[in-house]
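Me: I'm new to this structure and would like a close look at one part of it. Could you pick a helix and walk me through what it touches?

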Amino acid sequence: MRLILLGPPGAGKGTQAQRLVDRHGIVQLSTGDMLRAAVAAGSPIGLRAKDVMARGELVSDEIVVGIISDRIGQPDAARGFILDGFPRTVAQAEALDAMLAGKDIALDVVIELKVDEAALVGRIERRVAEMQARGEPVRADDNAEALKKRLDAYRAQTAPVSAYYAGRGALQSVDGMAPIDEVTGAIARILGTGPA
Ligand code: AMP
């Protein structure tokens, strides 16, 4: 099973991806997680990405395409993967197409979590409060200013990615405002895997 989860920050991609990992034994490839790990490790990529990420802007296509290309070729991704947070630009989607064609693998589906933008800020504020309550470090880009930039970047650069896949007949949309279990159920129906 190879799929892409699309949706703005706070749409619930990470939560749904984790459920798919648990159920199907496939890997979640989150460029955001990989970049945060690179920043924490102080690697050359992390050093290049750190400030861009903290501002809520997108890091370069070249960096994320390189990361995904390396990761998709690793043995644990052979059974399948969920791309979470990638592709985020049409150029990344085109690079992904070329990468998959070169490896002779095909995507099964692209699932878009549709959410009301006004609700996203509240969701992220709750996520931050929960993380603080658990004593976990808060993401550098989970603040009002960076969040506005992340939503702007989504609208300008990532929304066209939905149209890109819709044009190929690969896009399925799910109501991301529904309760978490219902979203999981809707995704399972699209994947033809039945209720959890
Ligand atoms: P996320 O965890 O998916 O919200 O990503 C956090 C941040 O990492 C984003 O705001 C971007 O700065 C960067 N990032 C993650 N994925 C990508 C991508 N595919 N293209 C460009 N930047 C990305």
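Reply: Here is a walk along helix 8 and its surroundings, with a short stop at another helix pair and one buried residue afterwards.

Keep in mind that this is a predicted model. Helix 8 covers residues 180-191. It has twelve residues and reaches 17 Å from its first C-alpha to its last, close to the 16 Å expected at 1.5 Å a residue. Right after helix 8 comes Gly192, which takes a positive phi of about 70°.

Now for what is tucked away. In helix 8, the buried residues are Val183, Thr184, Ala186, Ile187, Ala188 and Leu191. An α-helix has 3.6 residues a turn, so residues three or four places apart point the same way. As for what lies over the buried residues of helix 8, the cover includes strand 1 (2-6), helix 1, strand 4 (109-114) and strand 5 (171-175).

Helix 1 deserves a closer look. The axes of helix 1 (residues 13-24) and helix 8 come within 10 Å and cross at roughly 55°. Angles of 65 to 115 degrees would count as roughly perpendicular and those under 35 as roughly parallel, so helix 1 and helix 8 are oblique to each other. Their crossing is right-handed. On the helix 1 side, the contact is made by Thr15, Gln16, Arg19, Leu20 and Arg23, while helix 8 brings Ile180, Asp181, Val183, Thr184, Ile187, Ala188 and Leu191. Sorted by class, that contact has six nonpolar, three polar and three charged residues. Val183, Thr184, Ile187, Ala188 and Leu191 turn up both here and in the list of buried residues.

For another pair to look at, try helix 6 (residues 117-133) and helix 7 (residues 144-166), whose axes come within 11 Å and cross at roughly 140°. Helix 6 and helix 7 are oblique to each other too, and their crossing is right-handed. Here Glu117, Leu120, Val121, Ile124 and Arg127 of helix 6 meet Leu147, Arg150, Leu151 and Arg155 of helix 7. The residues of this contact divide into five nonpolar, no polar and four charged.

Last stop: Val64, which sits in helix 4 (residues 61-72). Val64 is buried, with a relative accessible area of 5%. Leaving aside neighbours within four places in sequence, Val64 is in contact with Thr31, Leu35, Val59, Phe86 and Gln92. From Val64 to Val174 it is 110 residues in sequence and 26 Å in space, C-alpha to C-alpha.

Definitions and conventions:
Residues numbered from 1 in each chain as written. Predicted model: local features only at pLDDT ≥ 70, side-chain atom pairs only at ≥ 80, totals over all residues. Heavy atoms only, no water. Axes fitted to C-alpha atoms, helices over the stretch in contact; angles between N-to-C directions. Helix = DSSP H or I, 4+ residues; strand = E, 2+ residues; numbered from the N terminus. Parallel < 35°, antiparallel > 145°, perpendicular 65-115°, else oblique. Left-handed = near helix turned anticlockwise from the far one by under 90°. Contact = heavy atoms within 4.5 Å. Nonpolar A, V, L, I, M, F, W, Y, C, P; charged D, E, K, R; others polar. Expected span 1.5 Å × (residues − 1). Buried < 20%, exposed > 50% of the residue type's maximum accessible area, 1.4 Å probe, protein only.
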